[in-house]
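Q: I would like to learn how to read empty space and nonpolar packing in a protein model. Where do we begin?

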Amino acid sequence: MTDKMFENNQVSMIGEVVSDFRYSHEVYGEGFYMVEIAVNRLSHNADFIPLMISERLIDTERNYMGQIVHVTGQFRSYNRHEERKNRLVLSVFVRELEFLGEIEDGENTNIICLEGFICKEPVYRKTPLGREIADVLLAVNRSYRKSDYIPCICWGRNARFASGFEVGSHIYLEGRIQSREYVKKISEEETERRVAYEVSVNKLDLIPED
């Protein structure tokens with residue numbers, strides 16, 4: 001059962017460490033820390049992805065800025081209470097890590113595979129230039145009756161396909177994790193720049209129920 005839970009949420013990423021470690025929390029005496037990596041896109045821009053990593057996998061007291069790492073793990077979510085409501089916080093939970101000398105040309109540095117259930121009616125729309133987009137919220141089961149809630153964005157024919165999904169539909173998808181900056185309005189006078197994370201989908205399948 002546990003192996004199955006690992007199979008339905010798999011991430012593989014290669015990127016450059018661009019932050020120091022900061023303490024997150026402790027579970028049964030094991031400390032977990034956050035660190036950020038920059039993952040290149042084909043466009044030569046970068047996604048800045050937060051990793052959650054155990055102190056047992058890496059020396060969190062050292063400075064690894066500029067080093068290239070390959071991590072595998074899962075894309076996880078939790079709700080953080082702020083401003084009188086819950087905010088969905090996402091990060092890659094690292095299970096394995098290795099340091100690389102460089103990134104090979106043409107290597108796929110950002111891969112995610114998810115299997116889960118549609119938990120909110122998909123939102124289909126078109127851009128002013130006519131590009132089709134569908135926003136999907138996927139619930140991915142985890143051990144101990146927990147779930148991760150992963151925002152996903154589909155394009156083109158995948159967007160049209162996703163627009164017909166019902167809440168509870170069982171799907172499999174592949175894609176990449178991307179970061180996106182936006183401005184949050186705090187009050188009439190105050191705004192705050194934030195970063196959202198989502199899965200950009202390039203393969204999408206509906207899993208038929210038995």
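**Cavity, core and pocket**

A: In this predicted model, the largest cavity has a volume of about 60 Å³.

Q: How is such empty space found, and how many cavities of 30 Å³ or more does the structure hold?

A: Rolling a probe the size of a water molecule over the atoms shows where empty space is left. The structure holds 1 cavity of 30 Å³ or more.

Q: Which residues line the largest cavity, and how do they divide into nonpolar, polar and charged?

A: The lining is made up of Val17, Phe21, Val35, Ile37, Leu51, Ile58, Tyr64, Val69, Leu97 and Phe99. Two or more of the lining residues come from each of strand 3 (30-40) and strand 6 (85-100). By class, the lining has 10 nonpolar residues, no polar and no charged ones.

Q: How should I read the largest nonpolar core, and which residues have the most contacts inside it?

A: In soluble globular proteins, nonpolar side chains tend to be buried together. Here the largest nonpolar core has 39 residues, and those with the most contacts inside it are Met13, Phe75, Leu173, Ile177 and Val199. Leaving aside neighbours within four places in sequence, Ile177 is in contact with Val11, Met13, Asp47, Ile49, Phe75, Val92, Asn110, Ile112, Glu198 and Val199.

Q: What is the volume of the largest pocket, and what lines it?

A: Its volume is about 970 Å³. The largest pocket is lined by 36 residues, of which Leu88, Leu90, Val195, Ala196 and Tyr197 are the closest to its centre. Strand 6 gives the largest share of this lining, 7 residues. The classes are 19 nonpolar, 3 polar and 14 charged residues.

Conventions. Residues numbered from 1 in each chain as written. Predicted model: local features only at pLDDT ≥ 70, side-chain atom pairs only at ≥ 80, totals over all residues. Heavy atoms only, no water. 1 Å grid on protein atoms, 1.4 Å probe; cavity = no way out; pocket = protein on both sides within 12 Å on 5 of 7 lines; lining within 4 Å. Points joined across faces, edges and corners; volume = space filled by probe spheres on them. Helix = DSSP H or I, 4+ residues; strand = E, 2+ residues; numbered from the N terminus. Nonpolar A, V, L, I, M, F, W, Y, C, P; charged D, E, K, R; others polar. Core = buried A, V, L, I, M, F, W, Y, C linked by side-chain atoms within 4.5 Å. Buried < 20%, exposed > 50% of the residue type's maximum accessible area, 1.4 Å probe, protein only. Contact = heavy atoms within 4.5 Å.
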